Structures are given as C-alpha cells and as structure tokens.
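Student: I would like a close look at a single part of this structure, together with whatever surrounds it. Could you take me through it carefully, in one connected answer?

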Amino acid sequence: MADLTHAQLTRMIYIDGRLVSTGRLNRSDITSAFSLSVPLAVSDIQAYRQINPDRIEYDSSAKAYLVIGGSSPAYPAALRMAVATAVNAVASEMRAAPHA
C-alpha cells in the first residue's frame, strides 16, 4: 500500500466500496466516478487485484469483476463511506457546475 499515491489509494478504497455495495465492478464504474481513461481504470483494477488477489475475479459472461464468495472487504467501512461520500459530492458538483 505504501507504493500507492493518495489518488490511487482513494481509487482502491472506492473500488472496495463498490464491491461491497454492488458485488461487482466494471471499468466504467471507475472511469465515470473519477473521469479517468479506460487504460487508467484497467491499471487500477489490476493494482486492486494484485493487492487483494483473493477478492475479485473476472466473469466473462457478466463482463464484470465479481466478488469472490467468502472474501472480506480490504478497507475499513469508515474509509469506504468517506471516499464514496467525497466521490459522489464531487460528481454532483461537476454536474451542477456551468460548462465553460
């Protein structure tokens, strides 16, 4: 975890929270939440899988990463909630802001 930047760690926590709340993750979840490119979203998913190898697996029929049964969240609930709240607040602000 020490090798992650603040932004990367925030995205790891977001990914974990998304997995807890929905049980699945798509690249588009990350690209929409953080306005990132697909390659960066893929890199984040790969990093999450490397840090938490027994947490998710890719399901080709669902075209999504799914939580592996019996796995536990990687980050504390308080962190997941704080990141989700911040990401949602920023996204709301960006939608409400007038376009230049």
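Tutor: The expected span of a helix is 1.5 Å times one less than its number of residues, and that is the yardstick for the part chosen here, helix 1 of this predicted model. Helix 1 covers residues 6-22, and its 17 residues reach 24 Å from the first C-alpha to the last, close to the 24 Å expected at 1.5 Å a residue. Directly after helix 1 comes Gly23, whose phi is positive, near 80 degrees.

The buried residues of helix 1 are Arg11, Met12, Ile13, Tyr14, Ile15, Asp16, Gly17 and Leu19, and what covers them includes helix 2 (27-34), helix 3 and helix 4, along with strand 1, strand 2 and strand 3.

Those 3 strands form an open sheet in the order 1-3-2 with antiparallel pairing, in which strand 1 (24-25) and strand 2 (56-59) are the edge strands, each pairing on one side only. Strand 1 pairs with strand 3 (residues 64-67) over 2 bridges, and Leu25 stands opposite Tyr65 of strand 3. Helix 3 (residues 38-51) lies across strand 1, strand 2 and strand 3, running at about 135 degrees to strand 2.

From helix 4 (residues 77-96), one residue to follow is Arg80, whose contacts beyond four places in sequence are Ile13, Asp16, Gly17, Val20, Pro73 and Tyr75. Arg80 is buried yet has no salt bridge, because the nearest side chain of opposite charge, Asp16, is 4.2 Å away, whereas a salt bridge requires a side-chain nitrogen of Lys or Arg within 4 Å of a carboxyl oxygen of Asp or Glu.

How values were computed. Residues are numbered from 1 along each chain as its sequence is written. This is a predicted model: local features need pLDDT of at least 70, side-chain atom pairs count only at pLDDT 80 or more; totals for chains, interfaces and linings use all residues. Side-chain values use heavy atoms; hydrogens and water are left out. Helices (H or I, at least four residues) and strands (E, at least two) are DSSP runs, numbered from the N terminus. Buried means under 20% relative accessible area, exposed over 50%, partly exposed in between (1.4 Å probe, protein chains only). Lys and Arg count as positive and Asp and Glu as negative; His and the chain ends are not counted. Contact means heavy atoms within 4.5 Å. Two strands pair if DSSP finds at least two bridges between them. Axes are lines fitted to C-alpha atoms, for helices over the stretch in contact, and angles run from 0 to 180 degrees between N-to-C directions.
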